[in-house]
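Colleague: I have the structure open next to the sequence, and I'd like to go through it with you. Could you walk me through what stands out?

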Amino acid sequence: MPIPDHALAAIVRLPVVALVLTLLACGGESPTAAVPVVPTTPGTTPTGGIVTALVITPTQLPNYANPTLPAHYAGLIGSPTDNGRNAPITDAGATLGRVLFYERQLSVNGTISCASCHAQASAFADEARFSAGFAGGVTTTHSMRLANARFYAPGSFFWDRRAPTLEAQTIEPIQHPVEMGFDAAHGGLAAAVARLQGLAYQRELFALAYGDSTVTADRMQRALAQYVRSILSTSSRWDIGYAQVFNPGLPDRGVNTAIPTFTAQENRGRQLFFTPPPQGGAGCAACHVAPTFALAGNSLGNGLDAGETTVFKSPSLKSVGVPGRFMHDGRFSTLDQVVGHYNNGVQDGPALDQRLRGPGGTPLRLNLNAGDRAALVAFLLTLTDTQLAADARFSDPFRR
């Protein structure tokens, strides 16, 4: 009886049934031709293509399935705030996702990948306001940071939340006429799948992750989602400092305790971030929830424009201080501008979150002075995770 995909994904560390691809015998790498396969004995999955094309050792895959997490992250994996709690990560699955994330052949002309717009060094976002697609066209929204994406509880993605799951989100850019170009006019997702099926290293990676080398859209999106969910930010200056005062026995778990390694300005910013406006703070933590700083699931709009009806989401604030652009349309270029918006620029509209309304229901005005605005920016900069930006598990795996 064949073993189902979900069972194979759970035992990828064990020998799997592999496939010898007759295309290899022909010496071809056709991006469109059907690839007949024949089964081999367990434990003999071909890996020559992986070794040749990638800086990946098939027998020593990076650890994505069981990351070492600080104590203040305990219990978050598998919790109701984890949108991947029903989609376990495997080392082979996330490795495949990593290769797909950097795979330029997923664009029509082989020039860009997901990583082109979500660069590791730029907090998995784009420093430009709008991203360039495969033919030079530009997007209409800013590329969102990806760290801690798994902790947005509702699990819907894109700025306007139109994708119901991260899995659904991962393949939309591939089919977009501006981004990667495999729209209906260029054969759609079926053409992208056929191209991957013609690449030896992709077939081998699919076999490692799923037990056979068949490339499908469903398998692609599941692997990409595993990779994105494995991008966890736990090593910022805030994480390291908070670990010293973290106390699970306190109602606030220690977030309102001064961090010894912070400057006075950074601690003032921390205080403003976590203290509600009625108590003299900015109340940022009501929507951007520590320790992941992912958006609270019940958050609504942030009042960028008067009369706004679309409820835009936000990525985690981890590494928000990396140079780039902010908000769904990238309108702000500095954190001071962002803080300025929440200080006295929130506009009224049907989508506005109640937490951004003051007395009488009017848009909230914090009226922070210049010193407090600078302190809040200083605290936000402590969320930058330089270790994540250099983590080899998330780097380009190709031998370019």
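**Helix packing, cores and loops**

Modeller: Let me begin with a helix pair in this predicted model: from α6, the residues L166, E167, A168, T170, I171 and I174 meet M220, Q221, R222, L224, A225, V228 and R229 of α9. By character, the residues of this contact divide into eight nonpolar, two polar and three charged.

Colleague: And at what angle do α6 and α9 pack?

Modeller: The angle is about 110°, and the axes lie 8 Å apart. Roughly perpendicular is counted from 65 to 115 degrees, and α6 and α9 are therefore roughly perpendicular to each other.

Colleague: Take Q221 then, is that one buried or exposed?

Modeller: Q221, which lies in helix α9, has a relative accessible area of 15%, and since buried means under 20%, Q221 is buried. Leaving out residues up to four places away in sequence, Q221 touches E167, A168, T170 and I171.

Colleague: Switching topic, which residues touch the most other members in the largest nonpolar core?

Modeller: Those are L54, L100, F101, I174 and M220, in a core of 53 residues. The elements giving two or more residues to this core are α3 (48-53), α4 (91-101), α5 (114-117), α6 (166-175), α7 (188-197), α8 and α9 (217-229).

Colleague: What is L54 in contact with, neighbours within four places aside?

Modeller: Setting those neighbours aside, L54 is in contact with V99, Y201 and L205, and also with P397, F398 and R399. Apart from the core of 53 residues lies another one, of 32 residues, which includes F246, M327, L335 and V377.

Colleague: Back to α8, why would you call it largely enclosed by the rest of the structure?

Modeller: Because eleven of the eleven residues of helix α8, residues 200-210, are buried. Among them are the charged residues R203 and E204, as well as Y201, L205 and F206. After α8 comes G211, which has a positive phi, near 100°.

Colleague: And α12, which of its residues are buried?

Modeller: In helix α12, which covers residues 335-344, the buried residues are L335, V338, V339, G340, H341 and N343, and the buried residues of α12 pack against α13 (370-381).

Colleague: What about the loop between β3 and β4, where P291 is placed?

Modeller: A cis peptide bond joins A290 and P291, with omega about 5°, and P291 is in that loop between β3 (288-289) and β4 (294-295). F293 also lies in the loop between β3 and β4, with a positive phi near 60° although F293 is a residue other than glycine, and F293 is buried, with a relative accessible area of 0%.

Colleague: And R161, where is that found?

Modeller: R161 is found in the loop between α5 and α6; R161 has a positive phi of about 65° without being a glycine, and at 18% relative accessibility R161 counts as buried.

Colleague: Last thing, what does the pLDDT average over the protein chain?

Modeller: The average is 90, and 89% of the residues score at least 70. Over residues 1-42, however, the pLDDT is below 50, and this stretch has 70 contacts in the model beyond near neighbours in sequence. For the protein chain as a whole, there are 14 helices and four strands, and buried residues make up 54% of the 400 residues.

Note on methods:
Residues are numbered from 1 along each chain as its sequence is written. This is a predicted model: local features need pLDDT of at least 70, side-chain atom pairs count only at pLDDT 80 or more; totals for chains, interfaces and linings use all residues. Side-chain values use heavy atoms; hydrogens and water are left out. Buried means under 20% relative accessible area, exposed over 50%, partly exposed in between (1.4 Å probe, protein chains only). A nonpolar core is a set of buried Ala, Val, Leu, Ile, Met, Phe, Trp, Tyr and Cys residues joined through side-chain atoms within 4.5 Å. Contact means heavy atoms within 4.5 Å. pLDDT is the predictor's confidence in each residue, from 0 to 100. Axes are lines fitted to C-alpha atoms, for helices over the stretch in contact, and angles run from 0 to 180 degrees between N-to-C directions. Angles under 35 degrees count as roughly parallel, over 145 as roughly antiparallel, 65 to 115 as roughly perpendicular and the rest as oblique.
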